[in-house]
Amino acid sequence: MTKIAIAGCGIIGAILAYELSSLDPNSPDLEILVIDRQPPARASTGAALGVMMGAISLKKAKSRAWKLRRDSLDRYETLIPELIAKTGRSIPYNRHGILKLCTSLKPTLEKWQTLAAERREQNFQLDILTSEAAADRFPYINLDQTIAAVYSADDRQVEPVPLLEAAIAAARSQGVQFDFDGRVESGLTDSDRLVGIRLRRSSGAIETVDLDALIITAGAGSAAIANDIASEGEPLNIVNVLGQALHLRPKSPIDPSTPIITRDDIHVVPRSSGTIWVGATVEFPPDDDGNGLIDPTPDPIPDPQGLDRLMATAKTFYPALEDADVISTWQGMRPRPVGRSAPVIEPVAGLTNALLATAHYRNGVLLAPATAQRAIDWLHAL
Ligand SMILES: Cc1cc2nc3c(=O)[nH]c(=O)nc-3n(C[C@H](O)[C@H](O)[C@H](O)COP(=O)(O)OP(=O)(O)OC[C@H]3O[C@@H](n4cnc5c(N)ncnc54)[C@H](O)[C@@H]3O)c2cc1C
């Protein structure tokens, strides 16, 4: 019997647990245990908009960043129907693409054309539109400040919480065990192997769990775990980048084929229920007078004007929001690695059987399936 522990049950841990258990459901030879310090959807994933900026991202064809995006987009097309079929749950999945409104010529139209040609070779469709062509095709958008638009037919948006819950339910039905009352605090090593982890229960009790392999998918909490168990290398530093968002009800029904509309880093996300999400601000932690980050880095404090600015911009390009009612607002944190690019998918320094699969910053929902594939490849190579 092989025992694999997954530390952290956000979208990364949950999709990994599902994919891993799908290889050999309810196998008597494999025990998969997912441990979290709290019930699901309370951390980053619970705040996400689920927009998948994949084909439309300016990532080079040979880069790791693009390959992760491509693999995730591919897998989502089968994963969502599979999870729906296995659980009977609904997972809202917007397949109407992403429309990006460009308000400057950075990047230049030439660069977009080059990207479109590159994506075509990879079987992804990007249409570069003049603002007149975009106005014809998307008459409900105000294109006053738009120079050009890029429509990506193959990018998607998924509602993160129903997806997370379905992945957990499906994984559970395939034999995965979930423990939502265990803060992973430290590890027990035997030379270059991790042999166990210590959990702190909400009661304060400490418990030890033996294991054969550990995958750390604890978002912002991953650094503390990894730095405790690593026997060498530089400490990992993950900071939180705050995002605020709104949930709105427009006065009139929205066109059901509306894509995700994005401008100046602000997404308007039409939902199948007829309401709309608008988000999100990107608010960094404070630094210590420009002399580098404070250690440990405090979380950012939400900008009190953040939501007003978000709404003011969103209304300029999507006028249906003009008289919309605000149903709710929320904020959440994105786990961002310091001094390196997101995500961090690599073994914990000095250990052969512990992997970091974390710090996905702004794209954890998008990158979850590809991250799971990479983690499974690593397990197979053990
Ligand atoms: C406002 C906002 C909008 C976003 N929009 C998008 C978007 O449109 N598209 C997109 O792809 N991404 C988006 N993101 C980013 C996305 O939410 C994250 O990248 C993703 O959720 C990270 O998933 P995760 O599983 O790594 O982390 P989390 O969801 O944070 O899960 C980590 C889990 O680990 C647990 N944990 C932590 N420490 C420990 C410990 N010591 N022991 C046990 N458990 C522990 C936590 O309780 C938590 O449940 C957005 C984020 C925000 C805040």
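**Helix packing around α1 and selected local features**

In the predicted model, the crossing of helices α1 and α9 is right-handed. The axes of these two helices, of which α1 spans residues 11-23, come within 8 Å and cross at roughly 45°, and α1 and α9 are therefore oblique to each other. On the α1 side the contact is made by Ile11, Ile12, Ile15, Leu16, Glu19, Leu20 and Leu23, which meet Gly364, Val365, Ala368, Pro369, Thr371, Ala372, Ala375, Ile376, Leu379 and His380 in α9. Divided by class, the residues of this contact comprise 13 that are nonpolar, three that are polar and one that is charged.

Helix α1 also packs against α6, which covers residues 160-173, at an angle of about 35° and with the two axes 8 Å apart. The crossing of α1 and α6 is left-handed, whereas that of α1 and α9 is right-handed. Here the α1 residues Ile11, Ala14, Ile15, Ala17, Tyr18 and Ser21 meet Pro160, Leu163, Leu164, Ala167, Ile168, Ala170 and Ala171 of α6. This contact of α1 with α6 contains twelve nonpolar residues and one polar residue, with no charged residues. Ile11 and Ile15 take part in the contact with α9 and also appear in the contact with α6.

The loop that precedes α9, running between β20 (354-358) and α9 (364-381), contains His360. With a relative accessible area of 5%, which is under the 20% limit for a buried residue, His360 is buried. The side chain of His360 is joined to that of Thr371 by a polar contact of 2.9 Å. Leaving out residues up to four places away in sequence, His360 touches Ile12, Pro335, Ala342, Pro343, Leu367 and Thr371. Two of these partners, Ile12 of α1 and Thr371 of α9, are also listed in the contact of α1 with α9. Ala359 is placed in the loop between β20 and α9, and this residue has a positive phi of about 60° although it is not a glycine. Ala359 is likewise buried, its relative accessible area being 1%.

Among the contact partners of His360 are Ala342 and Pro343, and the peptide bond that leads from Ala342 to Pro343 is cis, with omega near -5°. Pro343 is located in the loop between β18 (325-337) and β19 (344-347). A cis peptide bond is also found from Gly279 to Ala280, where omega is near -10°; Ala280 lies in the loop between β17 (276-279) and α8 (306-317). A positive phi, of about 75°, is likewise present at Asp265, which is not a glycine. Asp265 is situated in the loop between β15 (260-263) and β16 (266-270), and at 41% relative accessibility this residue counts as partly exposed, in contrast to the buried Ala359.

Strand β9, formed by residues 177-179, includes Phe178, which is buried with a relative accessible area of 14%. When neighbours within four places in sequence are left aside, Phe178 is in contact with Cys9, Ala17, Val34, Ile168, Ala171 and Arg172. Of these partners, Ala17 in α1 and both Ile168 and Ala171 in α6 also belong to the contact between those two helices. Phe178 and Leu33 are separated by 145 residues in sequence, yet their C-alpha atoms are 5.9 Å apart in space.

Two further loop positions can be set side by side. Thr146 is located between α5 (131-137) and β7 (148-152) and is buried, with a relative accessible area of 6%. Apart from residues up to four places away in sequence, Thr146 touches Leu101, Cys102 and Ser131. Lys62, by contrast, lies in the loop between β3 (51-52) and α3 (64-87) and counts as exposed at 75% relative accessibility. Lys62 and Ala170 are 108 residues apart in sequence, and the distance between their C-alpha atoms is 33 Å; Ala170 is one of the α6 residues that meet α1.

Methods: Residues numbered from 1 in each chain as written. Predicted model: local features only at pLDDT ≥ 70, side-chain atom pairs only at ≥ 80, totals over all residues. Heavy atoms only, no water. Helix = DSSP H or I, 4+ residues; strand = E, 2+ residues; numbered from the N terminus. Buried < 20%, exposed > 50% of the residue type's maximum accessible area, 1.4 Å probe, protein only. Polar contact = N/O pair within 3.5 Å; in protein donor to acceptor, adjacent residues only side chain to side chain. Contact = heavy atoms within 4.5 Å. Axes fitted to C-alpha atoms, helices over the stretch in contact; angles between N-to-C directions. Parallel < 35°, antiparallel > 145°, perpendicular 65-115°, else oblique. Left-handed = near helix turned anticlockwise from the far one by under 90°. Nonpolar A, V, L, I, M, F, W, Y, C, P; charged D, E, K, R; others polar.
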